[in-house]
Amino acid sequence: MEHSAQGGAGTGEAVEAVRVPVQPGAADGTARGEHTHGEPSAPHPSRTSAPGPRAVVRRSSVRGQILDALRAALVTGELRPGEVYSAPVLGERFGVSATPVREAMQQLALEGAVEVVPNRGFRVVERGDRELAELAEVRALIEAPVWLRLARTVPAARWAELRPLAEATVRAASSGCPAAYAEADRAFHRAVLVLAGNEQLVRIAGDVHRRAQWPPPGSPSVRGRADLVADAHEHTALLDALIAGDPDVVRVLVGQHFTGTH
């Protein structure tokens with residue numbers, strides 16, 4: 001079912017409301033326009049969305065919700081590297097038309113997560129350990145110097161305001177859900193970088209961070225719960241050192257968090 005909203009933002013016309021199910025939508029099926037023979041199962045919406053009842057949402061927000069769900073599916077490995085997924089089949093799973101799914105997939109293509117396969121859909125990009133190591137190095141080069149600079153200029157009270165975000169990463173890690181932790185982790189790091197007052201820094205570092213969270217083939221969740229919890233506790237330890245104004249400890253913890261060095 002391919003349809004679009006009438007009017008748009010600023011036109012004064014009503015925007016069509018649609019339902020995006022949190023639980024599984026329609027059964028598997030083949031839609032015209034994209035080849036789906038042999039296509040693997042689409043990500044289970046209940047595993048990529050917060051639990052709850054079906055919610056009525058504005059059509060303008062559907063693409064964003066689908067994009068969030070697909071990003072979560074990349075982190076958990078439900079969208080498997082090397083596999084091709086079609087927008088119509090994914091749309092049936094989410095209970096929406098193929099249009100917002102296709103738009104979300106096109107955004108993922110811009111981010112380097114998938115590639116377009118003409119007349120078939122989108123293939124999840126296969127990524128190896130070397131690429132992940134390179135992304136980790138890039139993150140360290142971008143973020144670590146900023147953290148050390150901020151440690152000398154940001155007052156303790158401002159660092160203390162970030163405590164809820166750091167604690168949220170610990171809760172997300174304890175849940176064992178890679179997608180939940182990935183989101184909380186990005187939120188915390190973004191809040192730190194925002195203190196630098198450089199919008200381009202926040203955007204570029206956020207893009208690299210997101211790419212570094214996608215698992216390589218054969219690693220559905222990248223890291224286990226214990227690794228996630230250890231990483232999250234590094235956030236709280238860093239905040240403690242930043243609030244205490246201890247530059248030597250901050251330097252050691254930043255090196256540990258970004259490069260694994262001590």
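A residue counts as buried when its relative accessible area is under 20%. Glu111 has a relative accessibility of 7%, and it therefore counts as buried in this predicted model. The same cut-off will serve for several aromatic residues discussed below.

In the chain as a whole, eleven helices and five strands are present. Of the 262 residues, 42% are buried. Among contacts with a separation of 6 or more, 75% join residues that lie 24 or more positions apart.

Glu111 can now be placed within this framework. The residue sits in the loop that runs between helix 4 (98-110) and strand 4 (114-117). When residues up to four places away in sequence are set aside, Glu111 touches Arg71, Asp207, Arg210, Arg211 and Trp214.

A second loop residue offers a contrast in accessibility. Asn119 belongs to the loop between strand 4 and strand 5 (121-124). With a relative accessible area of 63%, Asn119 is exposed, whereas Glu111 is buried. The backbone of Asn119 also deserves attention. Most residues other than glycine have a negative phi. Asn119 is not a glycine, yet its phi is positive, at about 65°.

The next topic is the packing of two helices. Such an arrangement is described by the angle between the two axes and the distance between them. Helix 7 (residues 163-175) and helix 8 (residues 178-194) pack at an angle of about 165°, and their axes are 8 Å apart. Helix 7 is therefore roughly antiparallel to helix 8, since an angle over 145 degrees falls in that class. The crossing of helix 7 past helix 8 is left-handed. From helix 7, the contact involves Leu165, Ala166, Ala168, Thr169, Ala172, Ala173 and Ser175. Their counterparts in helix 8 are Ala180, Tyr181, Ala184, Asp185, Ala187, Phe188 and Ala191. By character, the residues of this contact comprise eleven nonpolar, two polar and one charged.

Phe188, one of the helix 8 residues that meet helix 7, leads to the aromatic residues. A pair of aromatic rings is described by the distance of the centres and the angle of the planes. Two aromatic pairs occur in the structure. In one of them, Trp147 and Phe188 lie 6.0 Å apart, centre to centre, with 55° between the planes, and the pair is tilted. This pair joins distant parts of the chain, as Trp147 is in helix 5 (residues 129-153) and Phe188 is in helix 8, 41 residues apart. Trp147 has a relative accessible area of 0% and is therefore buried. Phe188 is likewise buried, with a relative accessible area of 0%.

The other pair consists of Trp147 and Phe258, whose ring centres are 5.9 Å apart and whose planes meet at 70°, an edge-to-face arrangement. Here too, distant parts of the chain are linked: Trp147 lies in helix 5 and Phe258 in helix 11 (residues 247-259), 111 residues apart. Phe258 has a relative accessible area of 8%, so this residue is also buried.

Trp147 takes part in the pair with Phe188 and in the pair with Phe258. Trp147, Phe188 and Phe258 thus belong to one aromatic cluster.

Terms used:
Residues numbered from 1 in each chain as written. Predicted model: local features only at pLDDT ≥ 70, side-chain atom pairs only at ≥ 80, totals over all residues. Heavy atoms only, no water. Axes fitted to C-alpha atoms, helices over the stretch in contact; angles between N-to-C directions. Helix = DSSP H or I, 4+ residues; strand = E, 2+ residues; numbered from the N terminus. Parallel < 35°, antiparallel > 145°, perpendicular 65-115°, else oblique. Left-handed = near helix turned anticlockwise from the far one by under 90°. Contact = heavy atoms within 4.5 Å. Nonpolar A, V, L, I, M, F, W, Y, C, P; charged D, E, K, R; others polar. Phe/Tyr/Trp six-rings, centres within 6.5 Å; stacked < 30°, edge-to-face > 60°. Buried < 20%, exposed > 50% of the residue type's maximum accessible area, 1.4 Å probe, protein only.
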